[in-house]
Amino acid sequence: MASAATMRSQGAAKRSKQTRTLESIASKYRERQRTADGSSDSLSEGLVVPALREAIVEGVLAPGSRLSEVQIAKQLNVSRTPMREAFTQLEREGLVTILSRVGAHVRSVTPRDVEEIYTVRAALECLAVQVASERINPLGTAQLDDVLDAMRMAVDADDAGSYVDALDRFYTIVMVIADNRTLQETHQSLIGPVRRLRRIAMARGGRMRASFEQAVRIRDAIVRRADNVQALMREQLRGACAAALDVLKEGEG
């Protein structure tokens, strides 16, 4: 059994690695802010939210871990005001839980959460692809094709992180084509809690390619205004839900 001193040393090393990783993630977004011409993003929108979102999805900040406003503000070299704004935004996205007099924690996701989220996603996304198929135009088709190219490149490179980012854009484009703000905002609030599970699941044998091939079928059905577009989306989400539940089960084992 490891001694107490060894365990403390290992814990310190883990915390140091986590700090460096969070800071490296933040440096990417800080550089983007510097190079974006005329960017009006606040520190919260342009730096803190995307850095913390990525850290949570990538597992740098583990489910259930406490998010210290003071500590993270120091790591990211920002004041506590953008931190509070960021925590509120991430709570809306379902990535963070904020409790009065307790503070903010990375949200843990249960099998019941996954099942409920995908049930609601199925209702929203089946509606979205149906409306999108009725409103599709050449611009929408081009946008779908562009994001499918990005998804294809991620599959070929076996890059699960880039694939999930592109898949998120695919869903966003479908929502934009459907042109229903309430639908889009409601859908966005559901994606957050399962992003990390999707990221892990996509790295497993065959899941990424299966997801991509189904996305191509959904694109074709939207463009052709096919009657089976909702069935194809439902099939995609059944596979995604099963993959997310498998990730949770293996984590419990």
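A cavity is a set of grid points where a 1.4 Å probe fits but cannot get out. In this predicted model, a search of the whole structure finds 1 cavity of 30 Å³ or more.

**The enclosed space and the open pocket**

The largest cavity holds about 90 Å³ of space. It is lined by 13 residues, and those closest to its centre are Tyr118, Arg198, Met202, Arg207 and Ala240. Five helices each supply at least two residues of this lining: α5 (111–135), α7 (160–178), α9, α10 (207–224) and α11 (229–252). The largest share, 4 residues, comes from α11.

The largest pocket has a volume of about 630 Å³. Its lining comprises 23 residues, of which Tyr29, Arg53, Asp165, Asp168 and Arg195 are the closest to the centre. Here α1 (4–35), α2, α7, α8 (181–191) and α9 each contribute at least two residues. Helix α7 provides the largest share of the pocket lining, 8 residues.

Helices α7 and α9 thus appear in the description of the cavity lining and in that of the pocket lining. The table gives the composition of each lining by residue class.

| Lining | Nonpolar | Polar | Charged |
|---|---|---|---|
| Largest cavity | 8 residues | 2 residues | 3 residues |
| Largest pocket | 7 residues | 5 residues | 11 residues |

**The packing of α2 and α9**

Helix α2 (residues 43–57) packs with helix α9 (residues 195–202) at an angle of about 50°, and their axes lie 8 Å apart. The two helices are therefore oblique to each other. From α2, the residues that make the contact are Arg53, Ile56 and Val57, while α9 contributes Arg195, Arg196 and Arg199. Sorted by class, this contact has 2 nonpolar, no polar and 4 charged residues. Two of the contact residues, Arg53 of α2 and Arg195 of α9, are also among the residues closest to the centre of the largest pocket.

**The sheet and the helix across it**

An open sheet is formed by 3 strands in the order β1-β3-β2, with antiparallel pairing. Strands β1 and β2 are the edge strands, and each of them pairs on one side only.

On one side of β3, 4 bridges join strand β2 (residues 96–99) to strand β3 (residues 103–106), and the two run antiparallel. Within this pair, Leu99 stands opposite Gly103 of β3, and Thr97 stands opposite His105 of β3. The two strands form a hairpin with 3 residues between them. In the turn, Arg101 has a positive phi of about 65°.

Strand β1 (residues 66–67) is joined to β3 by 2 bridges, again in an antiparallel arrangement. In this pairing Arg66 stands opposite His105 of β3. His105 therefore has a partner in each edge strand, given that β1 and β2 each pair on one side only and that the order is β1-β3-β2: Arg66 is its partner in β1, and Thr97 is its partner in β2.

Helix α4 (residues 80–92) lies across β1, β2 and β3. Its direction relative to β2 is about 115°.

Conventions:
Residues are numbered from 1 along each chain as its sequence is written. This is a predicted model: local features need pLDDT of at least 70, side-chain atom pairs count only at pLDDT 80 or more; totals for chains, interfaces and linings use all residues. Side-chain values use heavy atoms; hydrogens and water are left out. Axes are lines fitted to C-alpha atoms, for helices over the stretch in contact, and angles run from 0 to 180 degrees between N-to-C directions. Angles under 35 degrees count as roughly parallel, over 145 as roughly antiparallel, 65 to 115 as roughly perpendicular and the rest as oblique. Contact means heavy atoms within 4.5 Å. Ala, Val, Leu, Ile, Met, Phe, Trp, Tyr, Cys and Pro count as nonpolar, Asp, Glu, Lys and Arg as charged, and the others, Gly among them, as polar. On a 1 Å grid over the protein atoms alone, a cavity is a set of points where a 1.4 Å probe fits but cannot get out, and a pocket is an open set with protein on both sides within 12 Å along at least five of seven lines; lining residues have an atom within 4 Å of a point. Grid points are joined across faces, edges and corners, and a volume is the space filled by probe spheres set on the points.
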